[in-house]
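This report introduces a structure to a reader who has not met it before. The sequence and the coordinates are shown first, and the description follows.

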Amino acid sequence: MIPMSLDEIAAITGGTVNTSGPAKADGTIRVTAPAVLDGRESAPGGLFVAFKGERVDGHDYAEQAGRAGAVAVLGSRATALPTVVTADAQAALQALAAEVVARLRGGLTAVAVTGSQGKTSTKDLLGAVLSSAGPTVAAIGSANNELGVPITLLRADADTRFLALEMGARRIGDIAALTELVAPDVAVVLNVGQAHLTYFGSRAGIAKAKGELVRGLAPGGTAVLNADDPAVSAMRALTDGPVLTFGTATEADVRVADLVLDRLGRPTFTLRAHGASARVALPLVGAHQAHNASAAAAAGLAVGIPLDTSAAALAGASLSKWRMELCELPGGAVLLNDSYNANPDSARAALDALAAVEGARRIAVLGGMLELGEESDPEHRAIGEYAAARADLVVAVGEAAAPAAEGAGERGIALADNGAAIDWLRGRITAGDVVLVKASRADRLDEVADALGRQGG
């Protein structure tokens, strides 16, 4: 973060520096490290942003943040640390982030990614590509909302050349609001799927929401669009600026060709763009990661990074936690932990990846795909049928996922919860098996993956 005094922060946010109590401050205290939402993650010189929630009041954790190194708090009331007190902590956080970006804008290039699935993986790949050309701040995990994006922006400083941002939405207008904080120089739209149907009502609504990223481009900014998704390709009409496309379509500006998978389902392929080509070997599982890589490489081209440089960077890329993590269990089985999130399209991609890994048996452990509304039962049933064609055993965990067991027929079994799944799987997984764990975050199937890792299956 750009070093700022509390007086500066107060002026930017419309707040006041508390001047009474044990933590009174004169406003000259300087914040020199990034802002955090979790006090435990504070660094020396950092700023702790406190919110009062329905169950937990973040202001009560100011002392904890101080012990970790925070020198001040941005919140809605005075705390045990020097505090900039504001009427609306969220608005204050966003105003501070927008100001930091505005001060850095001359030397800073912002690249933002959205889509119904694959955002975080593509953002991780993009971070690797951009880092090959200069100091890069990339969103941590899925920090893609009204709090996560400004927290990412506040990690930028005078040395930062690139921002690799992820932008998500639960309603129309969410992404537009994020682009008001930072108008991207490059907008990457991956796909229009079925995630959050409960909120948007239709794929057309989802397309409108994702299109806000293109509409929010900085003047002269480049749209990077999926040539394989008609709903995304149509977003070309939303900008007068340059457009680059990616994917497997022959007309894609950055095209995936000659794709092969190794015994662990890791893709090797050729990227072709404007007469150039580069061979890429990704250390990630799933053919769909090649498509994500083409999006990252296209964004790289948009900011002047040569294709071969991107290819080399992609070969060393890694993904955020619980995204197709591959590990060998102590008992000799292989685990694919993709438990961070799920929707029908990402579940199919994960199941395809499972089918591509060599093994004695393939076991799909599936939790609920949330926010599907009235389509929940039929979509889970369809995923169960899809899984049965790619796995020897389909384990549906929890009430929402139960229809997946029905769809899987004789290969399916429904279990009540994570504890039941752990008990049932214990001792049934043997050497040579390949196990996929996939679910929406709220189902916490990472607990199942963790138990399998500790127990060896």
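Thr 83 counts as buried, because its relative accessibility is 0% and the limit for burial is under 20%. The model in which this value was computed is a predicted one.

**Thr 83 and its surroundings**

Thr 83 belongs to strand 7, which covers residues 83–85. Its side chain takes part in a polar contact of 2.8 Å with the side chain of Thr 79. The side chain of Thr 83 also reaches the backbone oxygen of Leu 81, at 2.7 Å. When neighbours within four places in sequence are left aside, Thr 83 is in contact with Thr 16, Val 17, Asn 18, Val 73, Gly 75, Arg 77 and Ala 78.

**The sheet that contains strand 7**

Strand 7 is part of an open sheet of five strands, whose order is 2-7-6-5-4 and whose pairing is mixed. Strand 2 (16–17) and strand 4 (35–36) stand at the edges; each has a single partner strand, so one side of each is left without a neighbour in the sheet. Within the sheet, strand 5 (residues 47–49) and strand 6 (residues 72–75) run parallel and are joined by three bridges. Phe 48 stands opposite Val 73 in strand 6.

**The annotated binding site**

An unreviewed UniProt entry places the feature "binding site" at Gly 115, Ser 116, Gln 117, Gly 118, Lys 119, Thr 120 and Ser 121. Three of these positions are described here, beginning with the loop between strand 8 (109–114) and helix 4, where Gln 117 lies.

Is Gln 117 buried or exposed? Gln 117 counts as buried, because its relative accessibility is 14% and burial means a value under 20%. Not counting residues up to four places away in sequence, Gln 117 touches Leu 190, Asn 191, Gly 193, Asn 343, Asp 345 and Ser 346.

Gly 118 is found in the loop between strand 8 and helix 4. With a relative accessible area of 26%, Gly 118 is partly exposed. Under the same exclusion of residues up to four places away in sequence, Gly 118 touches Leu 190 and Asn 292.

Thr 120 is located in helix 4, which spans residues 119–131. At 8% relative accessibility, Thr 120 counts as buried. Its side chain and that of Glu 166 are joined by a polar contact of 2.9 Å. Apart from neighbours within four places in sequence, Thr 120 is in contact with Gly 141, Ser 142, Glu 166, Ser 320 and Arg 323.

**The annotated C-terminal domain**

For "domain: Mur ligase C-terminal", UniProt lists residues 323–441 in an unreviewed entry. This span is 34% helix and 24% strand, and its end C-alpha atoms lie 11 Å apart.

**Aromatic rings**

How many aromatic pairs does a search of the whole structure find? The search finds zero. Arginine residues do, however, lie over the faces of aromatic rings, as the table shows.

| Arginine | Ring beneath | Distance from the ring centre |
|---|---|---|
| Arg 390 | Tyr 386 | 3.4 Å |
| Arg 428 | Trp 424 | 4.1 Å |

Terms used
Residues are numbered from 1 along each chain as its sequence is written. This is a predicted model: local features need pLDDT of at least 70, side-chain atom pairs count only at pLDDT 80 or more; totals for chains, interfaces and linings use all residues. Side-chain values use heavy atoms; hydrogens and water are left out. UniProt positions are given in the numbering used here, feature names are shortened, and annotations may be inferred rather than shown by experiment. Helices (H or I, at least four residues) and strands (E, at least two) are DSSP runs, numbered from the N terminus. Rings of Phe, Tyr and Trp (its six-membered ring) pair if their centres lie within 6.5 Å; planes under 30 degrees apart count as stacked, over 60 as edge-to-face and the rest as tilted. A charge sits over a ring if NZ of Lys or CZ of Arg is within 6 Å of the ring centre and within 35 degrees of the ring normal. Buried means under 20% relative accessible area, exposed over 50%, partly exposed in between (1.4 Å probe, protein chains only). A polar contact is a pair of N or O atoms within 3.5 Å; within protein, one must be able to donate a hydrogen and the other to accept it, and residues adjacent in sequence count only if both atoms are side-chain atoms. Contact means heavy atoms within 4.5 Å. Two strands pair if DSSP finds at least two bridges between them.
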